[in-house]
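Welcome, and please open your viewer. We will take this one stop at a time, selecting as we go.

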Amino acid sequence: MGVCPARLGQVDHLALIEAEGVALLATTSEHLDSPVPTCPGWSSRRLLRHVGRLLHSVSAVVARGTTEPPPPNPPAPTDDEGLIAYYRRSLDDLLRVLRETDPARPAWNHTGVAPPVAGFWHRRLAQELTVHRWDADNAVGAARPPAAEVAADGVDELLTILLPGERARATTTGLAHGGVHVHLTDVEGEWLVALAGNDVTVTREHAKGDAALRGPAAAVLLALWGRLPFDDPDLAAFGDVALLPALHPGV
């Protein structure tokens, strides 16, 4: 039988949102004009605006207490001082709303797979901020990888929730078919991902696939999000490696 990766559930998602959210602001606000190589065409300013609007939007989604899709999110301020203040306020408001709201309370989400409850957003935003904080650090040459347990939690979220949801909604023809084994080498975590067009079946087990990806949790997470290539020195890829890009959500 397979093992649950990195003892899932042990990550304090709200503490992670706060820590990574503050770190992202600290880096981007000091380098607003810096290009962000892992988000092509973006500057740190645009990254800050993107994340700030997401935090603002999720606060409203959770506060509404309904599974109905939310109305359009208003734009963020265009001036730098206003943008930084907007981001700080959005992060503070989000943390307050998430801490005050029962995780089981109804709340819309975009996946079509995860239960539509407020607790979904704890993990989703913790992982979103972790990757985008890495983007921000990487833009100024100081990338700090996420902790192994955090990254394992992110790999599990991507493979079991985000990827199946994106594939189910995809309208592209010729989606990949095949099995991929993902194996973390520094913490517990193994998954067999069976791709069959719009369908994805994921089991947490040690099993042979048509392709395999092995490596430390942080490197695997960053590769699955397209931040590192699958032939990065920290990773080992085997078999039909042409299947690996199909693990990117939305591909």
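Which residue in β2 is the bridge partner of His177? Select His177 and look across to β2: the partner is Ala196. Keep in mind throughout that this is a predicted model.

**Stop 1: the whole chain**

Zoom out and colour by secondary structure. You should find six helices and five strands. Starting from the N terminus, the order is α-α-α-α-α-β-β-β-β-α-β. The radius of gyration is 18 Å, close to the 18 Å that the globule rule gives for 251 residues, so the chain is as compact as a globular protein of that length. Turn the C-alpha trace along its principal axes and it spans about 50 × 40 × 35 Å.

Now switch on the surface. Its accessible area is about 11,300 Å², and carbon and sulfur atoms make up 54% of that. Of the 251 residues, 51% count as buried. If you colour by charge, you will be looking at 21 positive and 31 negative charges, whose mean positions lie 4 Å apart.

**Stop 2: strand β1**

Select residues 177-184, which are strand β1. Seven of its eight residues are buried, so β1 is largely enclosed by the rest of the structure. Hide the surface to see β1 and its partners.

One partner is β2, which pairs with β1 in the antiparallel sense over seven bridges. The two form a hairpin, with five residues between them. Another partner is β4, residues 211-215, which runs parallel to β1 and is joined to it by five bridges. To see a point of that pairing, select His181 and find Ala212 of β4 opposite.

**Stop 3: Val180**

Staying in β1, pick Val180. Is Val180 buried or exposed? It is buried, with a relative accessible area of 0%. Show the side chains around Val180: leaving aside residues up to four places away in sequence, it touches Trp191, Leu192, Val193, Ala211, Leu243, Leu244 and Leu247. Try a distance label from Val180 to Val193: the C-alpha atoms are 5.1 Å apart, while the two residues are 13 apart in sequence.

**Stop 4: from β2 to β3**

Let Val193 lead you onward, since your next view is across to β3, where Val202 stands opposite. Select residues 190-196 for β2 and 199-203 for β3: these strands run antiparallel and are joined by five bridges. They form a hairpin with two residues between them. End the tour in that turn at Gly197, which has a positive phi of about 65°.

Conventions
Residues are numbered from 1 along each chain as its sequence is written. This is a predicted model: local features need pLDDT of at least 70, side-chain atom pairs count only at pLDDT 80 or more; totals for chains, interfaces and linings use all residues. Side-chain values use heavy atoms; hydrogens and water are left out. Helices (H or I, at least four residues) and strands (E, at least two) are DSSP runs, numbered from the N terminus. The radius of gyration is taken over C-alpha atoms; the globule rule is 2.2 Å times the number of residues to the power 0.38. Buried means under 20% relative accessible area, exposed over 50%, partly exposed in between (1.4 Å probe, protein chains only). Accessible areas come from the Shrake-Rupley method with a 1.4 Å probe; for residues, only the protein chains shown count as cover. Lys and Arg count as positive and Asp and Glu as negative; His and the chain ends are not counted. The place of a charge is taken as NZ of Lys, CZ of Arg, CG of Asp or CD of Glu. Two strands pair if DSSP finds at least two bridges between them. Contact means heavy atoms within 4.5 Å.
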